[in-house]
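The questions below ask how certain labels were reached. Each answer sets a value against its cut-off.

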Amino acid sequence: MTDGKDFGIYFDEKDMSFLIQTKKASYVMAVVNGYLGHVYFGKKLGSAPGLSSLRMGDYTYLAGKPGDKCTFMDGFPFEYSISGTGDFRACPLVVKNNDGFYGGELKYSSYNIYKGKKALPGLPATFGTEEDSCSLDIELVDEVLGLKVVLTYSVFEGIDAVTRSVRVELADGETAGDNAQAAGVNDVQSAGVNDAQSDDAKKIYIEKIMSASLEMPYEDKEIITLHGSWARERIPDRRVIGHGTTSISSSRGISSHQEHPFAAFVSPDCTENSGEVLALSFVYSGSFLAEAERTQHDMLRINMGINPNNFSWELKAGESFTAPEVIMVYSSEGLGDMTNSFHEVIRKHLIRSKYLHKKRPVLLNNWEATYFDFNEEKLLKLAETAKKAGIEMLVMDDGWFGKRDSDNCSLGDWKVDRRKLPNGVGGLCKKINDIGLEMGIWFEPEMISPDSDLFRAHPDYAIQIPGRKPSECRNQFVLDITRKEVRDCIFEQISDILKEANIRYIKWDMNRPLTDVGSITTRGGEFHHRYMLAVYELQERLISEYPDLLLENCTSGGGRFDPGMMYFSPQIWCSDDTDAIERLAIQEGTALIYPLSVIGAHVSICPNHIVGRTTDLKTRGYVALAGTFGYEMDINRVSEDELSEIAAQIEMYHKYNDLVREGDYYRLISSNRLVKRSSDNTSYSWMVVSKDGSEALMTYVQARGNANTRSEKVKLKGLCPDALYSLPDGRSYRGDELMNIGFVTDKIYGDGAASLYYFRRKEDEL
């Protein structure tokens, strides 16, 4: 399919092999005696290798010795396997029948190749047209259980990414019984099927379901993951993979600050520009697991999907379960090429917002200016000064509703506090609009305070285990939005505010993990996933009913910064730590996967409210420029010189944002943790280059000043080698000179000093 293009999916009926082609990579599977095996994911091949690639000679079971089946099951590189019948590795699928027995066997049934890409019901997922994408469904079956497992793969034009998802379907009881008899099971009840007409026979329990699974030679691979905590998100960690299982996970009901749903498996020599990378990113915002088992045969079994901890999904006859999607990227040209592939697939095939290719309004958020202590007069004064500086939007953060004078009350009561805003949100918004600014507003829709009218009226609306007092976190509980009446209650309150006022932007916050998971309507093992489906439903409803809204997600900063949320919002608040020096590592780790246009980044006041550091305003502006750009400060307390500098920064944003938002991003001097498993550098540098190579913007930040290191030679990337590039001061360089010899930065002094360089290609090339 898609012959003549740089991507496609092909089936060789003779070899029973599947070949998936991206721009520079190939993904190969093959069917051997009914079992689907993983063959290859690597540099692009001309055609799929034959069945010999699966080392058939090692598996005597396939050579007609049925007594050796267990050994076969424990060594064959399954593309997707089920536990209980001999595969003792980390299996992607674990199913329990109604008698409590585990065990299954997936055999190849059929395939379907088609143009385009199907949506996943209720879930965020990449999308594509019949012109720029194609897909493959492979059906595997367990006839005894009456189970069908459909593996779906998709590829896109010009992008080295393969997406995967899984759907599990259970046949009705009668069909399961017939299939079991056909499979040679004489005593159907002993197979766990029971009487075909019994209700008990018509369900199973999915205890684990991974969205992607593959197995490949270990070959000394190392793993790169992103770890952190609140205000220290997505810090790279590179380490050796030992025998046994290496894993990262979240069981918090959110993708979390602590670990990130991403893992890259790299060759020991992998750097920014060279070496092999196989990376996986989970398009999901809840609890997750990524695991890699180095087996007794020195193979690497890799799985990614929903965290099986506290997960058990009841599947009744005729029902199906769809697991979220995983994006897989292969690069033979190092981490930089991997980053480019993720950026491209996210920009072109995941973010749907009308703001994707638009310049976002420069906003001022009042949180660090006022915290809870504000009223209409204070906000209008902020708006007036912001307008003078060129700021385009005022965002009213926490504290405008209920009796919210601190963080210990009123969540769930989304009614305006008339003490602070006597004219309501609508009246304030009109006055802000009259000043010449747009208005945004903060909500935390998923939460409820014990001290709130909503909780007093409906204490059962909070997530809680019956008979157990739930745990408070930040003086709040989590709403049970798996219940439709709870979702409707919250959405209608938000909608009333939006109908009253000309709100153009919403910051959707979520400030605590899920604990004490219980519900009067939802099975415990299903709650985490149903909760996430409910979040997705609420956000889909919001952007559908209010399509002109700019939605920014936030979870105590970056606690739910993941591909799943980007399906609904084109930007996410990166971290509550706005210190420019701390942000160097945070934003670099984030940009390892995500485009700069999605990274919520603002200039804040100094000394910084998180770490107490004072950093030059110029540097704070340069760091925030590598993101959405905005301000978190009391702009009425800055000096006239600083206000003039803020105005100049906003002009800088308007000058360069198209390039930053749409260009290709390159790390020039980056965290040593990415390439050496050691501590950070004392300087950072990155650049963005337009798609046609005509212009580039390079940023250099000296995080810590050292003696005799006031300038540094930096090798640029992504330029046209034969072109001549000039700086505004008249200096000119050839592209190959800048990339191979390097560019010497200007001398700068002090911790946090920074420089910005804009290169423009001259019309005449040498």
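**Reasons behind the labels**

Q: Why is R238 called buried?
A: This is a predicted model, and in it R238 has a relative accessibility of 3%. Buried means under 20%, so R238 counts as buried. R238 is placed in strand β12, residues 235–240.

Q: What makes the pairing of the side chains of R238 and E222 a polar contact?
A: The two side chains come to 2.7 Å. The limit for a pair of N or O atoms is 3.5 Å, so the pair of R238 and E222 qualifies. A polar atom of the R238 side chain also lies 2.8 Å from the backbone oxygen of L674.

Q: Why is E642 called partly exposed?
A: The relative accessible area of E642 is 32%. Buried is under 20% and exposed is over 50%, with partly exposed in between, so E642 is partly exposed. E642 sits in helix α13, residues 640–662. Its C-alpha atom is separated by 40 Å from that of R238, and the two residues are 404 apart along the chain.

Q: Why does V611 count as partly exposed, and what surface feature does V611 help to make?
A: V611 has 38% relative accessibility. That value falls between the 20% and 50% cut-offs, so V611 is partly exposed. Together with W230 and I610, V611 makes a nonpolar surface patch of about 260 Å². Patch residues need over 30% relative accessible area, a cut-off that the 38% of V611 passes. V611 lies in the loop between β29 (603–604) and α12 (617–625).

Q: What makes β6 and β12 edge strands?
A: Nine strands form an open antiparallel sheet in the order β6-β7-β8-β9-β19-β15-β14-β11-β12. β6 (107–115) and β12 each have a single partner strand, so one side of each is left without a neighbour in the sheet. On average, neighbouring strands here are turned by 20° against each other, direction ignored.

Q: How do you know that β14 and β15 pair?
A: Five bridges join β14 (residues 262–266) to β15 (residues 277–283), and the two run antiparallel. Pairing needs at least two bridges, so β14 and β15 are paired. F262 stands opposite S281 in β15.

Q: Why do β1 and β4 stand at the edges of their sheet?
A: The sheet is open and antiparallel, with four strands in the order β1-β2-β3-β4. β1 (8–12) and β4 (35–43) each have a single partner strand, so each has one side without a neighbour in the sheet. Eight bridges join β3 (residues 25–32) to β4, and A30 has G37 in β4 as its bridge partner.

Key:
Residues numbered from 1 in each chain as written. Predicted model: local features only at pLDDT ≥ 70, side-chain atom pairs only at ≥ 80, totals over all residues. Heavy atoms only, no water. Patch = residues over 30% accessible without salt bridge, like charges linked within 9 Å, V, L, I, M, F, W, Y side chains within 5 Å. Areas by Shrake-Rupley, 256 points an atom, 1.4 Å probe, with all protein chains shown as cover. Salt bridge = Lys/Arg side-chain N within 4 Å of Asp/Glu carboxyl O. Buried < 20%, exposed > 50% of the residue type's maximum accessible area, 1.4 Å probe, protein only. Polar contact = N/O pair within 3.5 Å; in protein donor to acceptor, adjacent residues only side chain to side chain. Axes fitted to C-alpha atoms, helices over the stretch in contact; angles between N-to-C directions.
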